[in-house]
Amino acid sequence: MVTAVITAMLVILPRVHYHGSVGTYSIEELLSGVPIPTVCIVGYATNPYIGNLTTGLGRVGVPYTVTIGISNQSIVRCSILVISSDWLENLGNRYRGVIINAMQRGLPMVAVGPDAGNSLLMVVGNFITSKAALIVGIPTGNGKQLRPELPVNVVALGIAVIPIRNATRYPTIWEVYVNTPLTNITYIVLSIWKNHNNALIKTNLPLYALVPSLAMNTAKALFQQSGSSLSVNIQGFNYVGYVGWYATNTYDWYGNLAGQQALRVDFYYTTANNYYFFLNLVKHDITGFNPHDLSPPFTPCQANEAINGYTSIWPGQVLFDSAPTGASSNQVTISYQIGVGSGVYVAVSETITQGSVDWNYLSFPAEGQDELTWTFNNPSTETTYTLVPADIFQLNPNLSGGYPPLYETINSTALFGNFFGCFNSPSPISVTVDVYPTSVAVISTNT
């Protein structure tokens, strides 16, 4: 089983596509609506994959070159780089710097041939691990860790990263072809080219950007007024890292943006009395929009955050504390403090500046689960509300699973409406992570 590991990323794009066979498009249809690429082929002319590819590209008039050597200068003329697995095994290490430079420039990369996936990962694996927002691996069997690797029956692997200014990791697309006949190699390469172009188009759709310098054309949530004033004070915990932002949108009847939720989770760690403690600080942004069409303005109705620590599977992962708890109505101020002892705590104070909120907390300690539901009273449109609940998990090494990493899933939902009622929901956000004392890795996301 192949598992995708998605680390903190700025833009959600298509993740991993697995193919046992090619699709139903013709090659001519794959070239429709995208620029005609210049395909740079690296490998030996006698390789049957290269022979089939050059024949197929020639039939549809796609320009290509074949070479056994590349440089930073020569790849400037390439739209997509196709490399045979035997060349990667023989010469890949010699040209590693050029290949990684090409990926950093956003050049789609395709490895073809027997065990194509691992032949490319052996060359660019360190770059993928440190810079790609998506890593593919195989579970080691203990349920918590992965080994970066692909099955040997992968005959074509396409990887494209999309460089974004100021991003620490790049949105990444993987195309994995398993047991596909080499006669379909032209289709595979042009399909990867089409998917890459479609992904570039998606970077201009409504996104939740982290900083203004990203200059996303319709990152509307970035520019909304704030509906809450927030103060967070953390003492005694070591910062581990974060995942997010992840965002999902909902639209009105005319296809215009009506509401957006965005999720980020910051993780902190400490140890005491031979236990490990992990703090989750959830930031859940909720924004309703005025679509400026015939639809009435949308405002948030409800939001929800739920954490699953899988205590029923790993008894050593104990839900230690959560906040805010209980139930409350018509609150403008939300304040809480949770911790694991003297001097080790997080204190959060928030003032709702537009309207007020109700909340209701539920916990299921035996399952390691808790859930917080918020209801908005008199909210404003074009206003971003930030909800910041927190919880702490204790890992007890005397019980099964009571050792790092903490394996957990964080979920969020939102509901928007207008005077017609509350009826409009973006798709839920779900992220599953392994949290270590010094790092966090995303096992999977659903948005």
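# Notebook: a predicted chain, looked up piece by piece

**Entry 1, the helix pair.** I began with two helices and noted that α4 and α5 cross in a right-handed sense. I am working from a predicted model, and I keep that in mind for every value below. Two packed helices are described by the angle between their axes and the distance between the axes. For helix α4 (residues 96-104) and helix α5 (residues 116-131) I looked up an angle of about 45° and axes 10 Å apart. The angle lies between the roughly parallel range, under 35 degrees, and the roughly perpendicular range, 65 to 115, and α4 and α5 are therefore oblique to each other.

Which residues meet where α4 and α5 pack? From α4 I listed Arg-96, Ile-99, Ile-100, Met-103 and Gln-104, and from α5 the residues they meet, namely Met-122, Val-123, Val-124, Phe-127 and Ile-128.

**Entry 2, the surroundings of α4.** I then asked which residues of α4 are buried, and found Val-98, Ile-99, Ile-100, Ala-102 and Met-103. Ile-99, Ile-100 and Met-103 are also on my list of α4 residues that meet α5. The cover over the buried residues of α4 includes α5, together with β5 (80-84), α3 (85-91), β6 (109-112) and β9 (154-161). Just after α4 I came to Gly-106, which takes a positive phi of about 90°.

**Entry 3, the whole chain.** Before going further I stepped back to the protein chain, whose secondary structure comes to six helices and 28 strands. The chain has 447 residues, and buried residues make up 56% of them. I also looked up how contacts run along the sequence: among those between residues at least 6 apart, 72% join residues at least 24 apart. The accessible surface comes to about 18000 Å², and 52% of this surface belongs to carbon and sulfur atoms.

**Entry 4, Thr-311.** I went next to the loop between β16 (299-308) and β17 (317-323), where Thr-311 has its place. Is Thr-311 buried or exposed? Its relative accessible area is 11%, and because buried means under 20%, Thr-311 counts as buried. Its side chain has two polar partners in my notes: a polar atom of the side chain lies 2.5 Å from the backbone oxygen of Gln-317, and the side chain also reaches the backbone nitrogen of Gly-368 at 3.3 Å. Leaving aside residues up to four places away in sequence, I recorded that Thr-311 touches Gln-317, Val-318, Pro-365, Ala-366, Glu-367 and Gly-368.

**Entry 5, Thr-287 and Thr-381.** Thr-287 lies in strand β15 (residues 275-288), and at 1% relative accessibility I count Thr-287 as buried. What does the side chain of Thr-287 contact? I found a polar contact with the side chain of Thr-384, at 2.8 Å.

Thr-381 lies in the loop between β22 (369-377) and β23 (383-387). With a relative accessible area of 23%, Thr-381 is partly exposed. The side chain of Thr-381 reaches the backbone oxygen of Phe-298 at 3.1 Å. I also looked up Gln-354, which is 27 residues from Thr-381 along the chain, and the C-alpha atoms of the two are separated by 9.6 Å.

**Entry 6, backbone exceptions.** I kept a page for the backbone, since most residues other than glycine have a negative phi, and most peptide bonds are trans. Where did I find cis peptide bonds? One joins Gly-244 and Trp-245, with omega about -5°, and Trp-245 has its place in strand β13 (residues 238-251). Another cis bond runs from Pro-404 to Pro-405, with omega near 10°, and Pro-405 lies in the loop between β24 (390-395) and β25 (406-418).

For positive phi outside glycine I noted Asp-115, with a value near 50°. Asp-115 is found in the loop between β6 and α5, and at 23% relative accessibility Asp-115 counts as partly exposed. Glu-382 also has a positive phi, near 55°, and its place is in the loop between β22 and β23, the loop where I had looked up Thr-381.

Terms used
Residues are numbered from 1 along each chain as its sequence is written. This is a predicted model: local features need pLDDT of at least 70, side-chain atom pairs count only at pLDDT 80 or more; totals for chains, interfaces and linings use all residues. Side-chain values use heavy atoms; hydrogens and water are left out. Buried means under 20% relative accessible area, exposed over 50%, partly exposed in between (1.4 Å probe, protein chains only). A polar contact is a pair of N or O atoms within 3.5 Å; within protein, one must be able to donate a hydrogen and the other to accept it, and residues adjacent in sequence count only if both atoms are side-chain atoms. Contact means heavy atoms within 4.5 Å. Accessible areas come from the Shrake-Rupley method with a 1.4 Å probe; for residues, only the protein chains shown count as cover. Axes are lines fitted to C-alpha atoms, for helices over the stretch in contact, and angles run from 0 to 180 degrees between N-to-C directions. Angles under 35 degrees count as roughly parallel, over 145 as roughly antiparallel, 65 to 115 as roughly perpendicular and the rest as oblique. A crossing is left-handed if the near helix is turned anticlockwise from the far one by less than a right angle, and right-handed if clockwise.
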